[in-house]
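Trainee: May I go through this model with you? I should like to start with a single residue and then move outward.
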Amino acid sequence: MAEFEDKAGWRTLWFLIDRQRTRLALAFAFTLVAATMELVPFWLLAQGAQAVLGFIDQQSTTTEMAETFYQLALWMAAALVLKTLIYGIAYFLSHQAAFFTLAHTRRILVTRLAWAPLHWIQSYHSGQLKQMVLQDVDKIENLIAHHTVEVSVSLLTPLLITFYLFWIDWRLAVAALLVAPLAIICSMLFMRDMDSMQDQYHQVAVSLNKTTVEYLRNIPVMKLFRQDARRFSAMVQHSQHYYSLVEALTRLTVPRWALFTSLLGANMLLVLPAGGFLLLHNEIALTDLILAILLCGGMLRPLLKISHFFTDSREVLASVRRLNPVLNADNSAEHAQQAEGADPVSSREEGIDVELSRVRFSYDKTLIIPEMDLTLPAGSTTVMTGASGSGKSTLAQLIAGLLMPEQGQVTINGRAVTDLSNEQRASLVAVATQDAFLFKGTIRDNLMLARDTVQEHDMELAIKVAQAEHLIQQLPDGYDTRVNEQGTRLSGGERQRLALARALLADTPVLVLDEATAFADNLTQQAFYRDLQEHYPDKTVLIIAHRLAGMEFADQIIVLHKGHIQDAGSHTELIQRNAYYQKIWQLQRDSHHWTLQDDQACESRKRSDVTEGETTCLQI
Amino acid sequence: MPADLKSSMDSSIFRIIVRVIHSSGRSPGLFLSGLSWRILERILDLLPLLAVFFWLQNILLSKGDNDEAEASILWLAGTLLLIFLIQLVAAWKGQRNSFLGGYRIMAGYREQLLDRVHQLPLGVLAEYRTGQLADMMTDDIQRIENIFTHQVVELLTSLLVPLLLFIALLWVDWHLAIGLMAGFPLALLFLQLSRNLFIRVSQAKQDALRYTSGMVVEYVTGLRTFRLFNKAGVWLKRLYLQFDHITRTSIGVEIWGAGPVVLYRLLTELGLVAFLTLAAMQIAGMTPAQDQTELLSLLLFILLAYRMLGPLLEMAEHLAVLRFTVQSEQKLQQLYQRKPLSEPGSAEIPRNNDLIVQDLSFGYDNESLILDQLNFRVPENSMTAIVGPSGSGKSTLMGLLARFYDPQQGSVSLGGSDLKALGSEQLYQKVSMVFQQVQLFDGTIADNIRIGRPDASEQQIREACKAAWCDDFISKLPEGYNTRIGEGGSCLSGGERQRLSIARALLKDAPVLLLDEATASVDTETQYHIQRALSRLAQGRTVIMIAHRLSTIRHASQIIVLDQGKIVQKGRHDELLACEGMYRTLWQAQEGQHQSSAAS
């Protein structure tokens, strides 16, 4: 299973480095040269040893020897500088490749998100998506930038040394390598339960982190309810449990790890006696032996880095795998958009109506709207109300084109919403919702999201209708106040009013208000709908609301119940015949007159049912 | 020389090692013993070369006699085997003790930090962004733990072993030893000098990442809006530009971060050149008498040269890794140093439920006061409302009444005792709160209600929920009262969370109630019921309430009007309305011009 997952991770990675493969190949080439250059200083040192031995054998004079050493110093300087340079280039290339890959990957991710179905995106927390785009992608850097160079050096250097030893004398090479199988066998034994131990460690580490996060998140409640002492000791116990398990694991792994690392460094144990023997039998020269000794010491140690690489790469692959859902996200919308191209928009025609015919929609296998037929006549105002879960918001999203109906279609002046390009749709329908989104920037930037240029009086009218005039006046820099940054915090109601103004400024013939005044009090809400009627009489408006103050004027009011139209009519009609509608109005009135110390009301209400025993009359 | 080295070392890293050990409150004994064994292991690693050297010396000086030489090979093999076995033991003991010692120090460090967090005032905890504290206590600690158990010992051994070897070689031939080591101090100095530059560029990268992170979150949360207004493309382009910007700064960081490390290695290795040059000079000036021994020591240096420089070269890597933890440690150290909330040794018991605020002043920092010299009294069983424009200090005042912070000046007292003398235990027994940010914890719904009164029966919980109008929605949940609410109760709506906290407060039945009236957006029917539940909750208690809609507090026993941290008016609704002032202005803004239509 794990191997299968790893494969998927590698495949994704291979896809992501697509454009950087040449650069990476070049980095490899330079690394190969650098790995060879690694051996040169050793060779030069051995030459020094040879000079010394030559002198002892009286084959040379002190001046000759001094000359040799001067030359060696020069060569050494050149070799070191060159080696550094080549390494520098290899690293630079691998880092470039890494950072370009990161940017490329991030681009793909955010582009996929731009077109992925919204409800799918909403199944992720925004923090999770941020984690993917930034942190998870970031992990790739280490693998490409560092491991490409380091792992290849760690493999190449021992290999080159082995070749060289074979070239000197095969027996020496065998002696040098003999510990390797031992170490490898040892490491295989070691690695075998290493996996399970690592999983075990991983599990306790994850569980400790989880407990810590939970503990920290819950501290405030626990303190307020005097449970924190108990929680704290449970937390400390968990931490102790983690450390005792880590200790047990350490005790288990350390002897094997110590044996493994010691064996990797132990090739001297065989090379020296073997070399000495060969030397005494004049099979090899003393200089060769010295060079062999210089090279052999720790020649296998770089292999340790490879084991680190495997540990690291597991983590990186896990991160890469986490990207897969977004990388493979449904991007049919993106292609559809591209295929569509620009089509002249006919939004300027007189009056635009919206029609739903036999629309059916379900989400997660729950049927939300079984079948709906509805017409919003051009220039009319429709109010839709109903208990939560009746499918009101779903309808709004269907009309705005954010959701696609399973069956049937939503048409705007005869054209199916799903056939419209984003641009066309945005110029026809504006939506304001309960959670108003404002981005970092000035109020003006936020208001002008829909349009590139706005006449000042249009702006002021929209702000006035959205009941935000007073708000703008209060702000330190008026329209140029920056929001969503340190300092200016707007309340939910204030944000909603700005979002309303923005939707009005979009200047679309169709306006959908999905609980867009939910945070406003009844009076503000009333004022808004009155002004909307007065200043934007031509818009085709759909209002979704559970508080109905100020909406009595609407051309039609629809009571929705479990995705069905339960009743529809004018306010006067419904208030006379519809029980739900009557109840809503009654409660609304009561709520408005509530005070905290409403003792008597409270007492009487407790005994009687909500809908009965009301003395206030409805006077509309 | 070593003293010299130490001062030019990356001192902050060593300070951090010492500080972590100190903060942990644990003895570093085991850790240091592990370190010593590791150093011994690395020294034993050198012995084979010395054995070879002496063996060679033997062969070179006493030429001939092959039998003796062959026997000496056996001796050599035997010695090497013995060294290896001792080394194996040292490796085992060294790794075991350094790991275990490191983990023990980290266990202490973690516990100490948890203890600090546990003692912080609630207000301080709230200052941290969501998840920030969690990141610190998981990721940052984990980072330090990995370093402490793996890198620190490596760093110290790769520094100490070469230094020991260097001292030994000084004794053999101080010229050559200094030559071999000549590059290292320069390299360190260079690394140190480049450090500030590196910190600056990596700071720039951090800033860019943080900025991008904000952009990505904004992009994701605003995606619906961007799509509706057909602006997703515009935001995508901005993100692309930002990613390219990160690429550029990252490459810059690598050049300034890895560049000096590469040059550090070069400078250190260039010691070989100095060594060869010095050797050449020495040879040129040699007198025949000293020849043999001089030359043999030259051979020894050749054999050991890389054994000395190698670890120093490796050290750069460890240093680089360690550098990345510096920030983590500093963040945690700041947390460690925050002032905890004092708890009294023996808590006073409040005599009654009168709340008195006296000369109360408070500011989050020392520069500006949020609350300035407040005085008021809330008699038992009365209701006090706090009103004022946003930013006037209402929530801060509420926070002080709940002892989320201690005031800089003045006091809040309950039943004649200062809140500090009461301590959290007594205070939170007497006080319930229903605030806008409803605090739920990870657990079932029943757990979340029961925490109000741990010994409550199922029946009592159900009744409280019925009274708070939440029984209805709870029963509709898949597992009813046993439904788990995760991560701050995120699967519940604002209105549902608020009702749960009302149910909890009802169950808790504490004499003092702190209330923030703001009703979340809920449907009409729910709002009606929440209001009734609140009225019921307020009955027979000392209530202090932040009011947003002034009509809800018409009957309050006293209304306190706050403006810019000061009390500007105090009195009953009718009194305040009768006179010119902020209250009347606020009232008129809310009700004034629409009053006629509202009353109809």
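Mentor: Certainly. This is a predicted model, and a suitable starting point is B:Gln87, which counts as buried because its relative accessibility is 8%, under the 20% limit.

Trainee: Where is B:Gln87 placed?
Mentor: B:Gln87 belongs to helix α5 of chain B, which covers residues 66-119.

Trainee: And which residues is B:Gln87 in contact with, leaving aside its neighbours within four places in sequence?
Mentor: With those neighbours set aside, B:Gln87 contacts B:Glu41, B:Leu44 and B:Asp45.

Trainee: Helix α5 of chain B interests me. Which pair crosses between chains from there?
Mentor: A:Glu247 and B:Arg104 form a salt bridge through their side chains, at 2.9 Å from N to O. The pair runs between chains, with A:Glu247 in helix α8 (residues 228-264) of chain A and B:Arg104 in helix α5 of chain B.

Trainee: Is A:Glu247 buried or partly exposed? And B:Arg104, buried or partly exposed?
Mentor: A:Glu247 is partly exposed, at a relative accessible area of 23%. B:Arg104 also counts as partly exposed, at 36% relative accessibility.

Trainee: How many salt bridges does the rule find across the interface of chain A and chain B?
Mentor: Seven salt bridges are found across that interface. Another pair to look at is B:Glu317 with A:Lys305, whose closest N and O atoms are 3.7 Å apart. Between the two chains there are also 28 residue pairs in polar contact, both residues being at pLDDT 80 or more. On the side of chain A that touches chain B, helix α3 (residues 62-115) of chain A gives the largest share, 26 residues. By class, that side of chain A has 90 nonpolar, 33 polar and 31 charged residues.

Trainee: What area do chain A and chain B bury between them?
Mentor: About 14100 Å², with 68% of it on carbon and sulfur atoms. A:Arg226, A:Trp594 and A:Leu596 supply 6% of the area that chain A buries against chain B, more than any other three residues. The contact involves 154 residues of chain A and 151 residues of chain B.

Trainee: Let us change topic to the domains. What does the assignment give for chain A?
Mentor: It gives domain 1 (1-169 + 299-331), domain 2 (182-283) and domain 3 (350-592). The C-alpha centres of domain 1 and domain 2 of chain A are 25 Å apart.

Trainee: How many residues of domain 1 of chain A are in contact with domain 2 of chain A?
Mentor: Nine residues of domain 1 touch 12 residues of domain 2 in chain A. The area buried between these two domains is about 840 Å², and carbon and sulfur atoms give 58% of it.

Trainee: And how many salt bridges are found across that domain interface?
Mentor: The rule finds one salt bridge there. A:Asp199 forms a salt bridge with A:Arg314, with 3.6 Å between the closest N and O atoms.

Trainee: One last pair: what do the side chains of B:Arg403 and B:Asp406 form?
Mentor: They meet in a salt bridge at 2.8 Å, N to O. B:Arg403 is buried, with a relative accessible area of 1%, whereas B:Asp406 counts as partly exposed at 23% relative accessibility.

Trainee: How many salt bridges does a search of the whole structure find?
Mentor: The search finds 42 over all chains.

Terms used
Residues numbered from 1 in each chain as written. Chains lettered and ligands numbered in written order. Predicted model: local features only at pLDDT ≥ 70, side-chain atom pairs only at ≥ 80, totals over all residues. Heavy atoms only, no water. Domains from an automatic or database assignment. Contact = heavy atoms within 4.5 Å. Buried area = accessible area lost by both parts, 1.4 Å probe. Salt bridge = Lys/Arg side-chain N within 4 Å of Asp/Glu carboxyl O. Polar contact = N/O pair within 3.5 Å; in protein donor to acceptor, adjacent residues only side chain to side chain. Helix = DSSP H or I, 4+ residues; strand = E, 2+ residues; numbered from the N terminus. Nonpolar A, V, L, I, M, F, W, Y, C, P; charged D, E, K, R; others polar. Buried < 20%, exposed > 50% of the residue type's maximum accessible area, 1.4 Å probe, protein only.
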